[in-house]
Structure formats: structure tokens, C-alpha cells
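User: Got a minute to go through a model with me? I'd like to talk about rings, cysteines and an acidic residue.

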Amino acid sequence: MPLHSLRMATDPEPPRSGHLAMGDERVEVNSRYLLRDGRPWIPVSGEFHYSRYPREGWAAELRKLASAGLTAVSSYVIWLHHEETEHDRRFDGNLDLRYFAGLCAREGLEFIARIGPWVHGETRNGGLPDWVLAAGPVRADDPGYLSRVRGWYQALAEQLAGLPVLAIQLENELLDDPEHLLTLKRLARDVGLAAPLWTATGWAARLPQDEVLPLYGGYAETFWDGPETGWPEGCRTHYFFTHERDDQSIGADLRRVAAPASDVDPSRYPMATCELGGGMAVAYHRRPVVSADDVAALSLTKLGSGSNWHGYYVFHGGTNPIGRLHTMQESRETGYPNDLPVLSYDFQAPIGEYGQLRESYALLRKQALFIRDFADRLAPMVTVLPDDGPADVHDRDTLRWALRTDGEAGFLFVNNHQPYEPLPSHHGVRFTLQLPGGTITLPSEEITIPTGAYFCWPVNLDLGSVRLAWATAEPLRLLEDGTLVLAAVDGVSPEIVIEQGGSLRLISGFTPGPDCVLTVAGSRILVLAAEKHTEPAGAAIPVECVREAGPPPEHRGGDRGWAPTDFTAAAVYRIDAPAGRPLLRIAWSGDVARAYRDGRMIADQFYNGLPWELRTEPGELELRILPAPRDAPIYLPAASATELTRATVRSVHSLEA
């Protein structure tokens with residue numbers, strides 16, 4: 001079988017610098033990457049909305065983000081949460097922005113403020129208070145609107161005064177008004193907001209050149225497409241290595257007209273992301289399920305495509321607050337095309353709504369630690385694609401791979417995973433890399449790349465006393481004592497080739513594991529086995545059926561439907577939540593479920609085939625479940641549609657806190 005090959009004729013051109021209106025003595029930005037204190041740097045950020053999580057848990061949750069290898073925390077600062085009623089602006093309790101930003105610094109995390117004013121975030125009015133909408137035009141250079149925004153920005157400047165802020169994002173998904181973005185930047189700076197980086201979402205957007213750093217995104221699935229769509233075309237692209245940054249499908253449901261032609265010149269900016277999907281929300285009409293491998297394969301593919309700012313949305317789920325005047329979720333009643341749960345903003349995130357760690361947490365942690373330890377080498381590298389790559393986004397037969405390289409060293413990326421449509425195993429695989437520094441062929445013999453595999457292999461890695469010519473195992477860490485930590489790829493026997501004194505030495509036939517330490521000319525290499533994940537079973541909790549469900553509600557709302565709000569005919573189940581606030585895992589069927597304590601709703605869920613997870617105080621808990629109308633147009637890819645009509649609780653298990 002022929003080799004998979006690529007050719008890079010010359011070394012990369014030096015990046016352009018000095019043209020972007022941002023940066024300071026700590027952080028610099030050139031056309032290809034960021035630098036921190038003069039060293040190439042790749043921030044790894046994760047979205048965590050402080051106003052959607054209890055203040056008393058912030059410190060513990062931030063430590064989980066830091067332990068995952070993240071270097072920064074981004075958060076929407078949601079105007080509606082802080083000032084539901086005009087002139088009653090609050091920064092107390094779960095709204096204490098200053099305390100949260102200070103905690104980030106104390107936990108060694110940079111803080112990124114996404115200040116809007118419009119943020120979306122699946123929030124009522126996109127985060128704009130109702131009184132702001134009622135006062136006149138918004139999201140434009142209207143004098144009255146800018147006056148109200150000035151007051152909001154001034155309050156944020158007072159909260160963040162004296163605290164380190166890495167970046168400020170202006171607005172969100174503003175497509176065709178670069179002058180308004182520039183006005184917002186000037187206004188923010190006028191009132192005292194400051195950061196080395198100013199950013200804006202770049203998808204389908206026209207932006208003020210060199211004034212903001214465009215940030216991009218990519219999701220494995222969507223809640224915003226119609227129920228008839230299936231797996232969206234735009235999501236497919238994120239499982240291919242490409243030089244394309246834009247994804248015009250993000251937020252397409254809110255556009256009144258077609259997206260403008262983006263005027264962003266990619267040669268002026270590094271490839272940077274703020275919304276690599278850590279999961280996906282569910283809407284009433286569309287209920288996707290995103291697996292840990294879906295998330296991690298997308299993330300690795302973006303890294304191999306050249307991402308030099310790796311930002312996840314969201315990394316930590318949360319719960320919408322209930323306002324004094326209304327609920328605060330995105331809904332059809334407020335003019336949006338989607339109904340979201342009233343409370344739950346779990347997002348199937350690596351860290352869930354209640355702080356629970358999921359399999360995707362471990363997979364993304366592995367990538368984040370690699371980025372952190374190898375950023376100074378990886379960031380300056382460019383992505384080179386093979387000439388015989390996939391023909392289009394429907395090509396499932398051609399191996400998907402790429403190389404990030406500086407012309408000599410590099411990292412070879414392979415992705416053989418995508419949702420819904422499994423990719424075939426590839427047999428007889430070897431790679432040849434024709435670089436200015438020489439030609440490299442690996443592995444030593446033909447191998448099979450299994451279905452579902454995705455990985456990164458090092459090439460020409462300098463270890464000090466020796467050079468790692470290549471390895472068929474993933475780089476994880478480079479420890480302070482110089483030890484290189486690799487991890488085997490499931491289904492691929494690891495090989496290591498060391499270059500010393502002009503000769504190559506192949507090391508193979510070893511068994512990866514915590515004791516597999518190879519010492520070559522003073523350099524230590526630890527090779528770990530591929531990780532295996534198992535779900536805890538938990539302890540069963542008795543559940544009592546108090547009342548069977550009545551007839552399902554009538555379907556209303558056309559091709560997307562409206563989430564039902566009348567629960568008088570719901571099935572009712574009762575459980576006693578145990579002491580210690582463990583996580584409850586509820587196996588259920590139905591359309592919409594709500595949990596109540598003492599008559600107050602504390603959690604809700606749209607059924608998508610996954611167990612419902614919630615954490616609550618000890619004592620009696622009531623679950624109310626509605627069956628779906630039989631003709632409701634609901635996209636449910638991970639379960640049978642008949643499950644929507646059953647309204648039952650099958651079991652409840654308690655997992656350790």
C-alpha cells in the first residue's frame with residue numbers, strides 16, 4: 001500500500017508583528033501566535049459562568065479547571081442577571097464578579113471577561129435586560145443605547161479595577177457592524193476597562209481590522225437547527241484538518257438575513273478559538289447527545305489545524321437563576337426560535353451542572369497538559385496538509401491527518417473519529433514527511449489505525465542529550481526533570497526511535513504502564529498505557545410512583561414546538577435524597593421532567609436518552625414528568641421516539657459526591 005505523504009518545500013515565513021492594536025509587556029500577539037513574557041504561548045481557556053453556579057462552590061470548581069490544565073477562565077458577564085430592574089444593579093452573592101475574578105487569579109488562572117452587552121449564552125434577550133430593549137434600538141450606535149451601555153461598562157470597570165484581566169470580548173456574534181464594535185471598544189477603554197487582548201467572535205463577521213482578535217468556534221452538534229436537519233453539514237467540517245477557520249453555521253438560527261461575507265484576513269491574526277464545543281445544550285425541538293470522544297476528537301483536530309488559542313464553550317455547566325420578574329432562559333416566548341430548559345444549563349460539559357466530572361474532562365485534560373508543556377514549540381509551527389487529503393466533508397474513506405511543523409520538528413495529527421457515521425479502520429498505514437530538514441518515515445512497519453482513533457505523535461523532538469526522531473505514542477507531559485511522558489494509542493503498538501550521534505535506535509516490544517520508564521543516554525521516557533474509562537454504578541435508591549401521567553398535552557408551535565409549562569397531568573414520582581448531597585442519576589423516559597422540593601422547582605430536563613443527573617439537599621424530592629404529544633417534531637438521535645411518550649422513572653442511583 002502506498003505511503004501517506006506530504007511535502008513542505010521551505011521553512012515557514014516569519015510571522016508579522018506590530019500591526020495589532022493590543023498587547024502589553026506581558027502578552028504579545030503576532031500574525032501566527034501569542035507570546036507570554038517573550039515565549040510562544042497557547043492559552044487554554046474554558047467557559048464557566050459564575051452567575052450560573054453557587055458562590056460558595058466557585059473556589060473548588062476553579063481548582064477543577066486548573067487541574068484540567070486550563071490556563072484561563074472565560075465567562076459571560078450577563079447584564080440581565082446583574083440588573084434585571086433598572087437602577088437596581090447587583091454584584092452580591094452569585095453575582096460577585098470581583099470576587100470571582102480575584103479567585104481566578106488566586107488559583108493561577110487568567111480571567112477573560114465576555115462583557116457583551118449582548119452575549120446570547122442561551123439567555124433571555126441574549127442577556128439584555130427587558131428595560132434596555134424597551135428603551136429603544138440596541139446593538140447599534142444609538143445615543144440612548146450607548147448611554148445605557150456606558151453605565152453598564154462603568155460598573156464593570158469598577159468591579160474589575162486592579163485585577164488582572166487577560167482579555168475582553170466585545171459583544172457576541174455581531175455580524176455586520178464593525179464600527180459599532182470599535183465604538184464599544186473605545187467606550188470600554190474610556191470608562192477604565194483594560195486588558196492586553198480585545199476580542200470578538202469571528203464567525204460570519206465583518207470586524208474592525210487589527211482592533212480585535214477574531215475568535216472562532218466549532219461544535220459536534222447543534223441545538224439550534226431544525227428537528228428535521230439530522231447531523232448538520234457545518235458540524236462535519238470540524239472532524240477534518242483544514243486551513244479554514246470560519247463556521248457560519250454557529251448562531252444561524254438568529255439571523256434575519258444571510259450572513260455577510262467575512263472581511264477577516266487570516267494572514268493578519270493567529271488562529272484562535274473561544275467556542276470549541278465542550279458539549280451541547282438541548283432545546284425542546286432538538287436534543288443532541290455529544291460523546292466524550294466527539295468532543296476530544298474535534299478539539300484535537302482543531303489543534304492539528306493550527307489553533308493557537310484553545311477555548312472551550314462550555315467547560316463547566318451551570319443552572320439559570322430565576323429572576324424576580326421572569327425566568328431567564330432563552331425561549332420562544334421572548335422571540336427566540338428555541339425553547340431551552342428553565343433551569344438547566346448543563347451543556348453535557350466536561351464538568352457538569354453540579355460539578356460532576358465526565359469522561360470528556362479526562363480526555364481534554366490530557367490535551368491541555370500537552371499544550372501547556374509543549375506550547376513554546378507548538379505555537380510557532382504551521383499546519384501542512386497532505387496533497388491526497390479527503391475530497392470533501394462526505395469523504396469517509398480517505399485518512400484524515402496533518403502535520404504541524406517548523407520545518408524540522410513537528411507533531412503528526414490523525415483523526416479517525418466522527419459522530420454518527422463511524423470512519424473505517426485504515427490498514428497498511430505508514431507516513432512519509434518530506435521536510436526542509438530531511439525526510440522522515442514512520443512507523444517502522446505498516447500498522448492499522450482503528451475506527452474511532454485520534455492522536456498526535458511527536459517528530460524530531462529535542463530532549464537535550466538525545467533527539468526523539470519519532471514515536472507512535474502521544475506526548476502528554478515534559479516534566480521539570482526532563483522526563484518525557486508518552487501515552488500509547490489504543491490498538492497501536494508503541495514504538496520509539498531515538499537519534500544519537502547520527503544513528504537511529506528503534507525501541508519496541510515494551511509494555512506501556514506506570515512502571516514503563518526507558519532511559520536513553522540520560523533522557524527518561526515514561527510510556528503510559530491508553531486510558532480506560534468506566535462509569536460508577538452507584539447505590540440504588542427506592543422510588544415511589546405517586547401518580548401515573550394523564551393524556552399528553554396538545555402539540556403547539558409549528559415545526560419546532562413549544563415546551564409545555566402545565567404539569568397538572570404529569571406523572572409524579574417521589575424519592576428520598578440521601579445525606580451528603582451525592583449526585584443522583586435518574587433513568588427515566590418522557591418529554592419534560594421537573595424536580596421539586598417543598599413545592600419549588602429546583603431542576604428540569606428535556607429527555608434526550610441520557611440519565612438525568614442532579615444534586616440536591618437530603619430529604620423528599622418530587623419528580624413530575626410529562627409525556628410528549630405523539631406528533632411533536634423532536635430530533636432525538638440517541639433514543640427511540642417512543643420513549644418520549646412513556647413518562648416513567650425506571651431507577652435512581654446515588655453516586656458519591
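Analyst: Sure, here is a quick run through those topics.

Analyst: This is a predicted model, where local features need pLDDT of at least 70, side-chain atom pairs count only at pLDDT 80 or more, and totals for chains, interfaces and linings use all residues. Residues are numbered from 1 along each chain as its sequence is written, and side-chain values use heavy atoms, with hydrogens and water left out.

User: Rings then. How many aromatic pairs are there?

Analyst: The count comes to 29 aromatic pairs. Rings of Phe, Tyr and Trp (its six-membered ring) pair if their centres lie within 6.5 Å; planes under 30 degrees apart count as stacked, over 60 as edge-to-face and the rest as tilted. One of them is Tyr50 with Phe100, a tilted pair at 5.3 Å centre to centre with 35 degrees between the planes.

User: Where do Tyr50 and Phe100 lie?

Analyst: Tyr50 is in the loop between strand 5 (44-48) and helix 1 (58-67), and Phe100 is in helix 3 (residues 97-106), so the pair ties together parts that are 50 residues apart in sequence. Helices (H or I, at least four residues) and strands (E, at least two) are DSSP runs, numbered from the N terminus.

User: Are those two buried or exposed?

Analyst: Both Tyr50 and Phe100 are buried, meaning under 20% relative accessible area, with exposed over 50% and partly exposed in between (1.4 Å probe, protein chains only).

User: Which residues are in the cluster?

Analyst: Ring pairs join Phe48, Tyr50, Tyr53, Trp58, Tyr99, Phe100 and Phe111. The charged end of Arg55 also sits over the ring of Tyr99, 4.0 Å from its centre; the rule is NZ of Lys or CZ of Arg within 6 Å of the ring centre and within 35 degrees of the ring normal.

User: New topic: how many disulfides?

Analyst: Zero, with a disulfide being a pair of cysteine sulfur atoms within 2.5 Å. For Cys274, the closest cysteine sulfur is in Cys235, 16 Å away and too far for a bond. Cys274 is buried, with a relative accessible area of 8%.

User: And what about Asp294, where is that?

Analyst: Asp294 is in helix 8 (residues 292-304). Asp294 is buried yet has no salt bridge, and the nearest side chain of opposite charge, Arg400, is 11 Å away. A salt bridge is a side-chain nitrogen of Lys or Arg within 4 Å of a carboxyl oxygen of Asp or Glu; Lys and Arg count as positive and Asp and Glu as negative, while His and the chain ends are not counted.

User: What does Asp294 touch?

Analyst: Leaving out residues up to four places away in sequence, Asp294 touches Ala220, Tyr239, Val289, His417, Gln418 and Pro419, with contact meaning heavy atoms within 4.5 Å.
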